[in-house]
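I opened a new notebook page for this chain. My plan is to look things up one at a time and write down what I find.

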Amino acid sequence: MNARRLQPAPAEAGQVLDAALHLLDRQVLDRDSVPVTTVDDLEITDVPVDRPLDPDASAPVITAILTGPVLATRIFGGRPPASRMARIPWRLVHWIDTTVQVGVFQDELEATWTERWVRDRIIRRIPGGSHDPG
């Protein structure tokens, strides 16, 4: 029986992550630990489409977290259009643990524009809607 040996982990600068285990579906928190969104997909560099990976090529690098309306695509299949996905640049990621924390406030992120729009255009028009419930 010919046993196949595992290759050692690549010696890359930075942290090596298993995207499915450490990133996808994780909650994203802002600098005050306020929930912002979840990680729905990742934007990465140097990955050929519809071709096998070259084993001698350098490891892909994450450039952004993508978030958006993915519920229907998870149920029915397919992918949401790229124009519907909000992009959080990877340089804003401050910490990765059971959550992904970014180093900016949620109002500075494109990913929360729909919540801000609903808050400003609908909730604030409801009597008492502009008051903090706490």
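Is Asp25 buried, partly exposed or exposed? I looked up its relative accessible area and found 49%. Buried would need a value under 20%, and exposed a value over 50%. Asp25 therefore counts as partly exposed. I note here that the model is a predicted one.

**Entry: two positive phi angles**

I stayed with Asp25 and checked where it lies. It sits in the loop that runs between helix 1 (19-22) and strand 1 (27-29). Its phi is positive, about 70°, although Asp25 is not a glycine. I wrote a reminder beside that value. Most residues other than glycine have a negative phi.

Ser33 went into the same entry. Its phi is also positive, near 65°, and Ser33 is not a glycine either. I found Ser33 in the loop between strand 1 and strand 2. Its relative accessible area is 44%, so I put Ser33 down as partly exposed.

**Entry: the overall layout**

Next I stepped back to the whole chain. How many helices and strands are there? I counted three helices and seven strands. Along the sequence they follow the pattern α-β-β-β-β-α-β-β-β-α. The chain has 134 residues, and 24% of them count as buried.

**Entry: the sheet of four strands**

I then traced an open sheet of four strands. Its order is 2-1-7-6, and the pairing is mixed. Which strands stand at the edges? They are strand 2 (35-38) and strand 6 (93-96). Each has a single partner strand, so one side of each has no neighbour in the sheet. From one strand to the next, the twist averages 30°.

I looked at one pairing here in detail. Strand 6 and strand 7 (residues 100-102) are antiparallel and share three bridges. Within this pairing, Ile96 has Val100 of strand 7 as its bridge partner.

Thr37 caught my eye in strand 2. Its relative accessibility is 17%, and the cut-off for buried is under 20%, so Thr37 counts as buried. Its side chain makes a polar contact of 2.6 Å with the side chain of Thr67.

**Entry: the sheet of three strands**

The other open sheet I traced has three strands. Its order is 3-4-5, with antiparallel pairing. Strand 3 (41-44) and strand 5 (86-89) are the edge strands. Each of these has a single partner, so one side of each is left without a neighbour in the sheet. Here the twist averages 30° from one strand to the next.

I went through the pairings of strand 4 (residues 62-67). Four bridges join strand 4 to strand 5, and the two run antiparallel. Strand 3 and strand 4 are also antiparallel, again joined by four bridges.

Which residue of strand 4 is the bridge partner of Leu42? I found Ile65. Ile65 also stands opposite Ile88 in strand 5. For Ala64, the bridge partner in strand 5 is Pro89.

I checked how covered strand 4 is. Five of its six residues are buried, so I marked the strand as mostly covered.

**Entry: Phe105**

I moved on to Phe105, in the loop between strand 7 and helix 3. Its relative accessible area is 36%, so Phe105 is partly exposed. I then looked up its distance from Asp32. The two are 73 residues apart in sequence. In space, they are 7.1 Å apart, C-alpha to C-alpha.

**Entry: a patch on the surface**

My last search was for a nonpolar patch on the surface. Which residues form it? I listed Trp113, Trp117, Val118, Ile122, Ile123 and Ile126. Together they have about 560 Å² of accessible area. I also placed one of them, Trp113, in helix 3 (residues 113-121).

Conventions: Residues numbered from 1 in each chain as written. Predicted model: local features only at pLDDT ≥ 70, side-chain atom pairs only at ≥ 80, totals over all residues. Heavy atoms only, no water. Pairing = 2+ DSSP bridges. Axes fitted to C-alpha atoms, helices over the stretch in contact; angles between N-to-C directions. Patch = residues over 30% accessible without salt bridge, like charges linked within 9 Å, V, L, I, M, F, W, Y side chains within 5 Å. Areas by Shrake-Rupley, 256 points an atom, 1.4 Å probe, with all protein chains shown as cover. Salt bridge = Lys/Arg side-chain N within 4 Å of Asp/Glu carboxyl O. Buried < 20%, exposed > 50% of the residue type's maximum accessible area, 1.4 Å probe, protein only. Polar contact = N/O pair within 3.5 Å; in protein donor to acceptor, adjacent residues only side chain to side chain.
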